Amino acid sequence: MASTMRTSSIQPISSPLIKTNNISTKIVSTLSNEPSSTGKIKRLVLTQEGRTKLNPYSDREFYAYPRLVKHVDDAFISTLTNLYRERLKPETEILDLMSSWISHLPHDVNYKRVVGHGLNAQELAKNPRLDYFVVKDLNEEQEFGFTNCSFDAVLCTVSVQYLQQPEKVFAEVFRVLKPGGVFMVSFSNRMFYEKAISAWRDGTGYSRVQLVVQYFQCVEGFTEPEVVRKLPATTNSSPIDWIMGLFGFMSGLDPFYAVIAYRNFKPIE
């Protein structure tokens, strides 16, 4: 079976969970025949114009070539890993949404299952924390295909700015979370400028936080979003640094933002 699996043409299918030790055939299906039942979307957050991108071509084409680089600096990654350590319990099931070759989860914490999602199979196959992964363009199809209440936590790291249908994606996250499950959305000021939506490109740090807060609030059932911020101690970056940051190049210290909410209720520790 491994010799016939093609990573470049993975499509959603229904089959039992399969695990393989061969990293080149790490793509499997955790999809279900059950009909999708998303959380209720109370209102739309974005206008049609706010969903547009400068580069209108397929995201699959843009991400066809693997980028095995860090898209944020070490300080951001350290803050994120520490936040995961605080909020994610060991031996839980996690969905790493819009993932890549690294998940930033604490190396010394064991989780029951970590499922990855992304657009580049080669990147996902190199991620050592993933037990399984699926390839899907969420701007073309928002249904994940996982059964209801499958995960204790869903993560989305430095990628929310590329979602053109965030209301539907957040509703799907609500559906696959277990009651009391957490959705953690983290981001900085870096982006692939031509692939970020207009509402994000034209915003500020404050407005982008509020945008993600509204994504949560538009889906019935999420708790009131919590915002975590950690800003650089200095703000003396040059215009060149700022421009490089917009296009995803490493320069200076990255501001850290995370917006966190739970399905139905926040568990009491």
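This dialogue covers aromatic pairs, one helix and a cavity in a predicted model.

Q: What kind of model is this, and how are residues numbered?
A: The model is predicted, with local features needing pLDDT of at least 70 and side-chain atom pairs counting only at pLDDT 80 or more, while totals for chains, interfaces and linings use all residues. Residues are numbered from 1 along each chain as its sequence is written, and side-chain values use heavy atoms, leaving out hydrogens and water.

Q: How many aromatic pairs are there?
A: A pair of aromatic rings is described by the distance of the centres and the angle of the planes. Rings of Phe, Tyr and Trp (its six-membered ring) pair if their centres lie within 6.5 Å; planes under 30 degrees apart are stacked, over 60 edge-to-face, the rest tilted. The count is ten aromatic pairs. For Phe 170 and Tyr 215, the centres are 5.4 Å apart and the planes at 65 degrees, so this pair is edge-to-face. Phe 170 is in helix α4 (residues 166–176) and Tyr 215 in helix α6 (residues 205–217), 45 residues apart. Helices here are DSSP runs (H or I, at least four residues), and strands likewise (E, at least two), numbered from the N terminus.

Q: Are Phe 170 and Tyr 215 buried or exposed?
A: Buried means under 20% relative accessible area, exposed over 50%, partly exposed in between (1.4 Å probe, protein chains only). Both residues are buried. Phe 170 and Tyr 215 also belong to one aromatic cluster with Phe 174, Phe 183, Phe 216 and Phe 222.

Q: Which residues of α6 are buried?
A: They are Arg 208, Val 209, Leu 211, Val 212, Val 213, Tyr 215 and Phe 216.
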